[in-house]
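Colleague: I should like to go through this model with you, one question at a time. Please end each reply on the value or name that I ask for.

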Amino acid sequence: MARQWCDGHSTSILCVGASPGPGGLLASGSEGGEVTVWSQEGTIIGRLTLTGEEDSTSVAFSPAAPGLLYVSHGDAVSVLDPRNLKGTVEEFQGAGEEEINALALNDTGSALAVADDSGAVRVLELPGGKVCRTLRRHTNICSSVAFRPHRPNNLLSAGLDMQVMLWGLQKTRPLWTLNLQDVSEEEDDHQQRPGQLFNPPLAHCVSVASCGNILGCAAEDGRVHLMRIGSGSKLEQQGAVKAHSQGASQAHFVNFLSHPYWLATGGNDGQVALWDISKHPVVTPEGKTGATAAPRRKGKNKLKRKEQSQDKAKTPPKVEAEKEEATAEEAAAGAEEVTEKSGPKLRISHGDKVNWLCPAVLKGEPSLVVADQSCNLTVHPLSQL
């Protein structure tokens, strides 16, 4: 049963983060510079409004020092003590060239990556906050960054230019770049009906599985694009899961379930889902066979068409058209999406557009903490798995 955590904010919550460890705290940031720290029961430990009252866009606990919480607001990053929110411990003014959208720390807590509206990614040395790298390749807003686990010098970035990039921090050019638009157009070309439009795959959120080799990127086309990194940090394979009927805003690998390939997603369609992608061809290449892929996909859509025809009499034309478009998009998504034929292992009708999704173990219970357009957090337990 979902629980609400209330009274922590007076404005829409934009981001949530969980401290590592069994007794770890959670933090949330909202519009107007509000920051709230929560216990695992949902009790408010502390509240603070940051100077300047610019939106708190990202929160991140240090994996090496749980007593340090990093919050981005405007072009600055504030360092806070989550157990004593009286004021900032340290302030990195001008950490971003423009407004910061996302923060990420490496495993050792020695580097902080900052993604901003200019498209730049800056890497700050910790402690101190000195800028040691500025990575400029995105041609639009950089929306998300993530370090690869076990590889503190490898960084992923994703942006509204529809590009996903892997960086080696020794250099200022990416090791590789994947254009999600090229991938999506290849998949959609053969299926698109005249006059039908698909949302462009603007990249909103990138996440890396704990193994360090499998990436997920939530995009505006409703898909979560998957990538596998091979030896020499090369991009070995990519595919996708058609996760949402509108833009996918969030994708986070869950590192406390039975294997590393559980992926939690959230979208503008108000849905939250949990996927087991362990058998996906990107994760398990030998599991993909062309001979069985097409019939499975066809069978799925045939069943959908049958259900649609039964529902057509009672479905308004506009809703019906949206359903048909979603089905066509699913069919278009290619063999890479076929292994998710049974859909997600868990789908939750959250009901509101998802701003942020944070997997966390709360008092021993695996959970998803969801921030939406409201000023409350919702905790969805995963105990039914």
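Colleague: Of the residues in the largest nonpolar core, which touch the most other members?

Modeller: The model is a predicted one, in which local features need pLDDT of at least 70, side-chain atom pairs count only at pLDDT 80 or more, and totals for chains, interfaces and linings use all residues. Residues are numbered from 1 along each chain as its sequence is written, and side-chain values use heavy atoms, with hydrogens and water left out. A nonpolar core is a set of buried Ala, Val, Leu, Ile, Met, Phe, Trp, Tyr and Cys residues joined through side-chain atoms within 4.5 Å, where buried means under 20% relative accessible area, exposed over 50% and partly exposed in between (1.4 Å probe, protein chains only). Among the 26 residues of the largest core, those touching the most other members are Val16, Leu69, Leu80, Val369 and Leu377.

Colleague: Which element gives the largest share of this core?

Modeller: Strands here are DSSP runs (E, at least two residues), numbered from the N terminus. Elements giving two or more residues to the core include strand E2 (13-18), strand E7 (69-73) and strand E26 (356-362). The largest share is 4 residues, and the strand that gives it is E26.

Colleague: In E15, what is the bridge partner of serine 144?

Modeller: Strand E14 (residues 142-148) has 7 of its 7 residues buried. Two strands pair if DSSP finds at least two bridges between them; E14 and strand E15 (residues 151-159) do so in the antiparallel sense over 6 bridges. They form a hairpin with 2 residues between them, and histidine 150 in the turn has a positive phi of about 70°. The bridge partner of serine 144 in E15 is alanine 158.

Colleague: Which strands stand at the edges of the open sheet E18-E19-E20-E21?

Modeller: The 4 strands of this sheet follow that order, with antiparallel pairing. Each edge strand has a single partner strand, so one side of each is left without a neighbour in the sheet; these are strand E18 (203-208) and strand E21 (235-242).

Colleague: Over which residues does pLDDT stay under 50?

Modeller: pLDDT is the predictor's confidence in each residue, from 0 to 100. The protein chain has a mean of 86, and 82% of its residues reach 70 or more. Where pLDDT is low, the predicted coordinates should not be read in detail. The stretch with pLDDT under 50 is residues 287-340.

Methods: Contact means heavy atoms within 4.5 Å.
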